[in-house]
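User: Please take a close look at one part of this model, the surroundings of the ligand, and set that part in the context of the fold around it.

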Amino acid sequence: MKTRITELFGIQHPIIQGGMHYVGLAELAAAVSNAGGLGIITGLTQKTPELLAKEIARCREMTDKPFGVNLTFLPTVSSPDYPGYIQAIIEGGVKAVETAGNNPQKWMPLLKEHGIKVIHKCTSVRHALKAEAIGCDAVSVDGFECGGHPGEDDVPNFILLPRAAEELKIPFVASGGMADGRSLVAALALGAEGMNMGTRFIATKEAPVHEKVKQAIVAASELDTRLVMRPLRNTERVLNNAAVERLLEKEKTLGANLKFEDIIEEVAGVYPRIMQNGDMDAGAWSCGMVAGLIHDVPSCQELIDSIMGQAEQIITQRLAGFQRA
Ligand SMILES: Cc1cc2nc3c(=O)[nH]c(=O)nc-3n(C[C@H](O)[C@H](O)[C@H](O)COP(=O)(O)O)c2cc1C
């Protein structure tokens with residue numbers, strides 16, 4: 001399939017694997033890229049720029065296809081070494097960066113100077129327009145359904161994507177709730193040029209996470225996610241578990257007085273314990289409502305092949321059939 005997204009990133013299929021903390025390691029990024037999508041290494045999971053450089057080199061050993069790096073710009077006071085991470089990306093010859101969080105404007109000249117394509121993740125049309133104005137090549141439009149941070153506007157993709165299509169000139173991918181060929185065709189119909197998936201890629205053979213994480217996603221229904229940290233205006237969609245119930249209880253009890261320190265036990269430093277050790281109640285971890293559509297753990301090649309096969313079948317048979325009738 002050829003879209004402005006496949007052309008932009010030099011990939012075969014318009015499918016991107018979004019950056020995911022402690023999931024987006026070289027194994028997953030390489031598997032997605034080898035299957036014809038765009039795999040993404042999660043920059044900040046690597047504790048230092050030197051470690052990111054090693055991860056990029058490791059990925060390069062596993063694939064000769066294009067892959068990207070996610071840089072999440074956190075709203076924290078003590079900022080990670082972003083110049084160092086960007087240097088590692090440039091020196092590693094990576095040509096695609098997925099930015100997220102705060103506005104990446106400050107880093108755009110450096111990235112552009114080195115021919116790096118930038119796709120910024122946004123949860124609203126106004127942020128997408130801002131990304132376009134500062135020179136991003138594409139945006140990833142994350143609807144309310146998404147795993148991770150859906151923002152504070154709560155607009156689902158059935159509205160957000162066509163609104164983005166009305167306003168944007170640069171191409172965009174649909175993100176949040178995407179799982180299969182039906183999602184891809186729907187995303188294209190609503191104006192996107194491809195799709196970005198997070199949760200679906202965790203439940204794959206190559207995702208370097210504990211088996212219990214994959215099984216939790218397969219077992220979950222679309223009713224099993226919760227929104228946490230809304231009182232802090234840092235809303236995150238997570239899979240419900242004992243820690244999340246504790247966290248929500250604190251939010252209810254403390255109301256407007258809630259501070260980050262009150263919930264630190266449920267959210268800080270929990271990712272390695274969950275993703276690597278399979279300690280499933282260690283804390284709150286991002287997961288999309290799309291878990292309800294995930295029933296198996298295929299390889300990335302099987303997943304992407306089945307998405308493209310199903311999409312083609314829907315376009316040429318189901319939709320074309322309506323035309324003929
Ligand atoms: C476990 C997990 C960790 C994530 N970590 C990050 C991250 O570090 N940076 C980021 O920009 N997005 C992160 N995301 C968001 C994904 O890149 C993607 O935008 C989102 O999962 C799309 O929604 P979906 O899960 O419905 O496919 C994460 C998502 C999940 C499920």
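Analyst: In this predicted model, strands β2 and β3 pair in the parallel sense over 4 bridges, and within this pairing G68 of β3 is the bridge partner of I40. Between the two strands the chain passes through helix α3, residues 49–62, and the resulting β-α-β crossover is right-handed. Strand β2, residues 39–42, is covered on both faces, with G39 and I41 buried on one side and I40 and T42 buried on the other.

Strand β3, residues 67–73, leads on to the ligand, since β3 is among the elements that each supply at least two residues of the shell, together with β8 (195–197) and α9 (199–202). The shell comprises 29 residues in total, and the closest of them to the ligand are G18, A100, G147, G198 and G288. Sorted by class, the shell holds 16 polar, 9 nonpolar and 4 charged residues.

As for the wider setting, the chain is divided into domain 1, residues 4–208, and domain 2, residues 212–289, whose C-alpha centres lie 23 Å apart. The contact between these domains takes 18 residues from domain 1 and 16 residues from domain 2, and on the side of domain 1 that touches domain 2 the residues divide into 9 polar, 7 nonpolar and 2 charged. The ligand lies between the two domains, because both domain 1 and domain 2 give residues to the shell around it.

Key:
Residues are numbered from 1 along each chain as its sequence is written. This is a predicted model: local features need pLDDT of at least 70, side-chain atom pairs count only at pLDDT 80 or more; totals for chains, interfaces and linings use all residues. A residue is near a molecule or strand if its C-beta atom, placed from the backbone, lies within 6 Å of it. Ala, Val, Leu, Ile, Met, Phe, Trp, Tyr, Cys and Pro count as nonpolar, Asp, Glu, Lys and Arg as charged, and the others, Gly among them, as polar. Domain bounds come from an automatic or database domain assignment. A residue is buried if 20 or more other C-beta atoms lie within 10 Å of its own, exposed if 12 or fewer, and partly exposed in between; C-beta atoms are placed from the backbone. Two strands pair if DSSP finds at least two bridges between them. A crossover is right-handed if, with the strands pointing away from the viewer, the path from the first strand over the helix to the second runs clockwise. Two residues are in contact if their C-beta atoms, placed from the backbone, lie within 7 Å.
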